[in-house]
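Student: Could you pick one spot in this model and take me through it slowly? After that, I'd like to know how it sits in the rest of the structure and how far I should trust the picture.

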Amino acid sequence: MKCEEIRAVMPDLASGLGEVTPAISGHLAGCAACAGKLEEFRKTMALLDEWQAPEPSPYFDVRLQARLREEMAKPQSAWMAWLRRPVLAAALSVLMAIGVGLFVREGGGGYQPANNMIANNDAIVQAEPGTAVGDLSALEKNNDLYSDFELLDDLQVQHDVGANP
Amino acid sequence: MDTRELEGEQLSPRNGVQSGVSTATMDGGILMASLGARPGAGLQPALAGAEGYTDAEVMLRVKSGDQAAFDFLVQKYRRPLVSFMYRMARNAAAAEDLAQEVFLRVYRSRQSYEASAKFTTWLYRIATNLAVNHARDTRRERPEVTISLDEPDQETGTTMDVRDSSMTAEENLVREERMAAIRRKVEALPERQRTAVIMHKYQQMDYRQIAEVLKLSESATKSLLFRAYESLREQLKEFV
Ligand SMILES: [Zn+2]
């Protein structure tokens, strides 16, 4: 086993998530650099444990209920708010045309025409559930939810490189 | 509230918030609009009924209009999500609002949910987008966002209390200072590293799941995490 291979799994080893296989323990026994690094990573992990997060407040459920009720009570305005999102605004006219069409056809049964539109698109080939391909393709199909803020896509790799020369 | 006291019971109903409606089951969905109080006790039978169901299957019930199924997911994930948002948002007061927003988005998007997606991957992708978005917005507004544990929530007036009641005030102060320093170091990481560390260290997510949420390859995720911890190790030296 090479040092790079050990380092690839070191975060898991240090946090106790990863299994220490005989190959790994064999390498650690003979490589002081990796063994030392692992020990330091363990200490870092222990330090990070000190950053605790609070429990949800007793108000959490009540406020979530209120927000959900609000959402359900004002389907029209929720739909409008959804449409006002900046990136979606560009596609506003197209969505409106399709959305209104669907809305009418379904007798106003849903307040998220955009979602219905995608949900109804069952012609899409179903990927095998539980497989990586299936998961990923399904994630892409669920994309309408986050397509309006594709921030994950702009998390800069260059940033990382610069920060850790 | 002693935080340790509540450790490991994230599925249990919270004190005082929920009243005993024991009729809610996975099959007997209850209308959210008709709820005066939360069906706290109702979640226990729902939980029992949900045994053997994956989250994705529960989410499909939400899609088909089962309100109790949605409640089940909220109860299961509110604690992990609040802590995730607390660490991601750089603003303690916003953590609960953001976690609620995640649930609202899940609810709004129930019709488009595809069962073959791992539910938690979907959930954390929504959460990460929201948190990153929020962090960017607040950074733009206030270049130096200061986060105080003692700062009361603007709406509820409560503090995000993580103090340990078994310690003296002085010990708590020292502890809070260390915590604040650690938090600052994590927050100073490049965005993607920070997100990966929070998911790995505090949400116990594995490489594959983190990779899926961040849309990276597994090997890229491994190297991202290694670099992140390596830089934290360096930065936290003085505290070891
Ligand atoms: Zn080595």
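Tutor: Let's start with B:Lys201, which sits in helix 7 of chain B. Helices here are DSSP runs of H or I with at least four residues, strands are E runs of at least two, and both are numbered from the N terminus. Before going on, the small print: this is a predicted model, where local features need pLDDT of at least 70, side-chain atom pairs count only at pLDDT 80 or more, and totals for chains, interfaces and linings use all residues, while side-chain values use heavy atoms and leave out hydrogens and water. Residues are numbered from 1 along each chain as its sequence is written, with chains lettered from A and ligands numbered from 1 in the order in which they are written.

Back to the lysine. B:Lys201 counts as buried because its relative accessible area is 9%; buried means under 20%, exposed over 50% and partly exposed in between, with a 1.4 Å probe and protein chains only. Setting aside neighbours within four places in sequence, B:Lys201 is in contact with A:Met45, A:Leu48, A:Asp49 and B:Tyr229. Contact here means heavy atoms within 4.5 Å.

How does confidence look around there? Helix 7 (residues 191–202) has the highest confidence in chain B, with a mean of 96, whereas strand 1 (residues 18–19) has the lowest, at 34. The score is pLDDT, the predictor's confidence in each residue, from 0 to 100. Chain B as a whole averages 76, and 69% of its residues score at least 70. Two stretches of chain B fall below 50: residues 1–48, with 99 contacts in the model beyond near neighbours in sequence, and residues 143–159, with 30 such contacts. Where pLDDT is low, the predicted coordinates should not be read in detail.

Now a step along to helix 8 (residues 207–214) of chain B. Seven of its eight residues are buried, so this helix is largely enclosed by the rest of the structure. The buried ones are B:Tyr207, B:Gln209, B:Ile210, B:Ala211, B:Glu212, B:Val213 and B:Leu214. Right after helix 8 comes B:Lys215, with a positive phi near 55 degrees.

What about the nonpolar packing? In soluble globular proteins, nonpolar side chains tend to be buried together. The largest nonpolar core in this model has 78 residues, and B:Met85 and B:Val102 have the most contacts inside it. Such a core is a set of buried Ala, Val, Leu, Ile, Met, Phe, Trp, Tyr and Cys residues joined through side-chain atoms within 4.5 Å. Helix 3 (residues 67–88) of chain B gives the most to this core, with twelve residues. Beyond four places in sequence, B:Val102 touches B:Leu81, B:Met85, B:Leu123, B:Ile126, B:Ala127 and B:Leu130.

Zooming out, chain B has nine helices and two strands, and 59% of its 240 residues are buried. Among its contacts between residues at least 6 apart in sequence, 64% join residues at least 24 apart.

Chain A, the partner that B:Lys201 touches, has eleven helices and zero strands. Of its 165 residues, 39% count as buried. For contacts in chain A with a separation of 6 or more, 46% come from residues 24 or more positions apart.

Chain A also supplies the zinc ligands: A:Cys3 (SG), A:His27 (NE2), A:Cys31 (SG) and A:Cys34 (SG), at 2.1 to 2.4 Å. Donors are N, O and S atoms within 2.8 Å of the metal (3.2 Å for Na, K and Ca), and sites may look incomplete because water is not among the atoms. The angles among the four donor atoms run from 103 to 112 degrees, which makes the site tetrahedral; for four donors that label needs all angles between 85 and 135 degrees. In sequence the donors are spaced C-x23-H-x3-C-x2-C. A:Cys3 in helix 1 (residues 3–14) and A:Cys34 in helix 3 (residues 32–48) of chain A are 31 residues apart, so to speak a link between distant parts of the chain. A:Cys3 is partly exposed because its relative accessibility is 30%, while A:Cys34 is buried at 0%.

As for trust, chain A has a mean pLDDT of 70, with 44% of residues at 70 or more. Residues 108–127 of chain A are below 50, and residues 156–165 of chain A are too. The model scores ipTM 0.70 and pTM 0.66.

Technical notes. Tetrahedral: all angles 85-135°; square planar, octahedral: opposite > 155°, others 65-115°.
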